[in-house]
Amino acid sequence: MKTTDILIDDLTVTIIRSARRRRLTLEVHPKGIRARAPSRMPVRDIVDFVTLKREWLHKALRALPERPADAPFADGATILLNGGLVKVRFRIGQRGGIQLSDNTLLIPVLQSHLPIVESARNKLVKWLKQHAALAIEQRVAHYAAQMSVQRTPCHTIKVRDYKRRWGSCDTNGNLAFNWRIIMAPPATLDYVVVHELAHCFEFNHSRRFWQIVEEIVPDRRAHQAWLDSHGYQMYTV
Ligand SMILES: [Zn+2]
């Protein structure tokens, strides 16, 4: 059996080839789409078939129940950061801040009354929240200017723990974001920022609202699809 991952449109498709297979079948799996194909089927045919079934696949992905994390957070686990996968390594007994090098996040952890994995997780979450806050603040400033959103110092920007949402905007223009959005590709984070800023004009999801969003992010559907299909990976920490 040979497997390859390809990106079709905004769907990650794992092609699993087998000599015994006679026809192509698609499975919707929490980790993405699996295409089981005969060993000699041209990739083009697979791409065409997935494209044809695109709507249905998105619907099926959205309908999947909320999943628990794939693997429990641990030394050696893989997490999403800025849309890419990075490996987490604990540096037990070491002090200092978290370092990112060669797609590996090195987390120094000291022994304490907590289990090592808890201490490492707490440190990582704190680090991710700080990075999220910095990135969001900077992107809000950028897009608020571009969209002519009047913001005053009393309009707050918060990063929060949310179970199922990426951001919010209240009637006073106070913004809140899910810190896990730092795990998404930067362009997807931008979409979430633009989405919440657009609520400063339209406090609903009307046609007018989506027009405002699409003026800035024409491919907003691709970002929504990314969040739909990868959202669960952002909860492995
Ligand atoms: Zn909204």
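Me: Which residues of the largest nonpolar core touch the most other members?

Reply: In this predicted model, Leu124, Ile181, Leu197 and Met234 touch the most other members of that core, which holds 50 residues. Helix 3 (116-146) is among the elements that each supply at least two residues, and the largest share, 11 residues, comes from helix 3.

Me: What makes Phe73 and Val237 contacts of Leu124?

Reply: Contact means heavy atoms within 4.5 Å. Beyond its neighbours within four places in sequence, Leu124 meets this condition with Phe73, Ile79, Val88, Ile98, Leu105, Ile107 and Val237.

Me: Why is His195 called buried?

Reply: The relative accessibility of His195 is 11%, and buried means under 20%. His195 therefore counts as buried.

Me: How do you know that His195, His199 and His205 are donors of the zinc ion?

Reply: A donor is an N, O or S atom within 2.8 Å of the metal. The NE2 atoms of His195, His199 and His205 lie 2.0 Å from the zinc ion, so these atoms satisfy the cut-off. In sequence, the spacing of the donor residues is H-x3-H-x5-H. His195 belongs to helix 4, whereas His205 lies in the loop between helix 4 and helix 5.

Me: How do you know that strand 5 and strand 6 pair?

Reply: Pairing requires at least two bridges. Four bridges join strand 5 to strand 6, so the two strands pair; they run antiparallel.

Me: Why do strand 5 and strand 7 stand at the edges of the sheet?

Reply: The open sheet has the order 5-6-8-7. Strand 5 and strand 7 each have a single partner strand, so one side of each lacks a neighbour in the sheet.

Notes: Residues are numbered from 1 along each chain as its sequence is written. This is a predicted model: local features need pLDDT of at least 70, side-chain atom pairs count only at pLDDT 80 or more; totals for chains, interfaces and linings use all residues. Side-chain values use heavy atoms; hydrogens and water are left out. A nonpolar core is a set of buried Ala, Val, Leu, Ile, Met, Phe, Trp, Tyr and Cys residues joined through side-chain atoms within 4.5 Å. Buried means under 20% relative accessible area, exposed over 50%, partly exposed in between (1.4 Å probe, protein chains only). Donors are N, O and S atoms within 2.8 Å of the metal (3.2 Å for Na, K and Ca); water is not among the atoms, so sites may look incomplete.
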